[in-house]
Amino acid sequence: MTSLDSVLDKDGVRLTVDDAVATVTLTNPAKRNAQSPALWRALTEAGRALPGSVRVVVLRGEGKSFSAGLDRQAFTPEGFDGEPSFLDMARGPEAELDATIAEYQEAFTWWRRNDIVSIAAVQGHAIGAGFQLALACDLRIVAEDVQFAMRETSLGLVPDLTGTHPLVNLVGYARALEICATGRFLHAEEAERTGLANLVVPAGELDAAARDLAGALLAAPRDAVVETKALLSGAVSRGYEEQRVAERAAQGRRLRDLAGITD
C-alpha cells in the first residue's frame with residue numbers, strides 16, 4: 001500500500017493508509033463533526049475497506065471539536081435529504097426501527113476487532129454520539145480541552161450507539177449511571193483519573209502523541225498483540241479459572257507458532 005494512500009473520502013469521513021497505520025478523520029469541522037446516518041454508513045464502509053496490512057487505526061476529528069454528537073437536523077420533520085427522519089422512523093414498525101438502529105451501530109463496532117488496535121485522538125467536544133464513538137475505540141488520547149458528555153438521557157433518549165458497555169467497563173456502573181443520567185461534562189483530569197483517557201496532552205501535541213502510541217503498538221509482533229487483545233477483551237466475561245485456561249491456550253498457540261509447529 002502506497003504511503004498515505006487515500007482509500008475513502010465521503011460524507012464527512014476520510015480514510016487514509018500509511019503502511020500498517022490507518023487514519024480515519026471526521027471532516028466536517030464547520031458543524032463540529034456532527035454525525036448523521038450518511039456519516040455512520042461511511043464509517044462502516046471505512047472499517048470494511050481496511051487493508052489486511054493495517055494493524056493500528058487512529059480516529060481523529062478536524063477542527064476544534066472531535067464530534068459534537070448527532071446532528072440535530074435528525075429530529076426535524078424534514079430530517080436529512082434522502083433519509084427518513086427519526087420522527088418518521090419512530091412511527092414505523094418496531095422491527096424496522098430496531099433493524100435501522102442495528103445498522104447505525106455497525107459504524108461503532110468494528111473498532112474493537114482483534115486484528116487491529118484503535119486509538120481515538122479526542123479534542124474539544126465529544127458529546128453524545130461523539131462520546132460513544134471515542135468509547136468505541138480501544139484507547140483514547142485526549143487534549144487538555146476535551147469535554148465528554150453523554151447527553152442522550154437529557155434529551156429523553158438513551159445512549160444506543162454501543163457506548164454503554166465500554167463506559168461501564170471503564171468507570172463502573174455507579175459512575176456510568178451518574179454520567180449518563182445527569183448529562184454533565186467530564187474534563188481531561190477526570191477522564192484520565194477514571195480511566196476514560198489513557199493520556200492527556202496539550203491540544204497542539206495530540207496528533208503527535210497518537211503517532212507515538214501507534215508506533216509503540218507496532219513494536220511487538222502482530223500475532224502476539226492480536227492474541228493479547230483477544231485475551232484481555234474476553235477477560236470481562238470469563239471467571240478466574242476460565243481466564244487461566246484461556247491464557248494457557250493462547251500461550252500454547254504462540255509457542256507452537258514460534259517453534260514452526262502447525263496443527
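Lys229 is buried in this predicted model, with a relative accessible area of 11%. Its side chain meets that of Asp138 in a salt bridge, 2.7 Å from N to O. Asp138 is also buried, at 18% relative accessible area, under the 20% cut-off. The two residues sit in distant parts of the chain, 91 residues apart. Lys229 belongs to helix 9, and Asp138 lies in the loop between helix 4 (129-136) and strand 7 (139-143).

Let me stay with helix 9, residues 222-235. How does helix 9 run relative to helix 10, residues 240-258? The two axes come within 10 Å and cross at roughly 175 degrees. Angles over 145 degrees count as roughly antiparallel, so helix 9 is roughly antiparallel to helix 10.

Which residues make that contact? From helix 9 there are Asp223, Ala224, Glu227, Leu231, Gly234 and Ala235. Helix 10 contributes Gln243, Ala246, Glu247, Ala250, Arg253, Arg254 and Asp257. Sorted by class, the contact has six charged, five nonpolar and two polar residues.

Two of the helix 10 residues just named, Arg254 and Asp257, also pair with each other. They form a salt bridge whose closest N and O atoms are 3.2 Å apart. Because they are three residues apart in helix 10, about one helical turn separates them. Are these two buried or partly exposed? Arg254 counts as buried, at 14% relative accessibility, whereas Asp257 is partly exposed, with a relative accessible area of 42%.

On to salt bridges elsewhere. Side chains of opposite charge can pair when their charged atoms come close. How many salt bridges does a search of the whole structure find? The count is 16.

One of them joins Asp71 and Lys31, with the closest N and O atoms 2.5 Å apart. This pair, too, links distant parts of the chain, here 40 residues apart. Asp71 is in the loop between strand 4 (56-61) and helix 2 (86-91). Lys31 is in the loop between strand 3 (21-26) and helix 1 (37-49). Asp71 is buried, with a relative accessible area of 11%, while Lys31 is partly exposed, at 38%.

Last, a network. Arg175, Glu178, Arg184 and Glu190 are joined into one network by salt bridges that share partners.

Terms used: Residues are numbered from 1 along each chain as its sequence is written. This is a predicted model: local features need pLDDT of at least 70, side-chain atom pairs count only at pLDDT 80 or more; totals for chains, interfaces and linings use all residues. Side-chain values use heavy atoms; hydrogens and water are left out. Axes are lines fitted to C-alpha atoms, for helices over the stretch in contact, and angles run from 0 to 180 degrees between N-to-C directions. Helices (H or I, at least four residues) and strands (E, at least two) are DSSP runs, numbered from the N terminus. Angles under 35 degrees count as roughly parallel, over 145 as roughly antiparallel, 65 to 115 as roughly perpendicular and the rest as oblique. Contact means heavy atoms within 4.5 Å. Ala, Val, Leu, Ile, Met, Phe, Trp, Tyr, Cys and Pro count as nonpolar, Asp, Glu, Lys and Arg as charged, and the others, Gly among them, as polar. A salt bridge is a side-chain nitrogen of Lys or Arg within 4 Å of a carboxyl oxygen of Asp or Glu. Buried means under 20% relative accessible area, exposed over 50%, partly exposed in between (1.4 Å probe, protein chains only).
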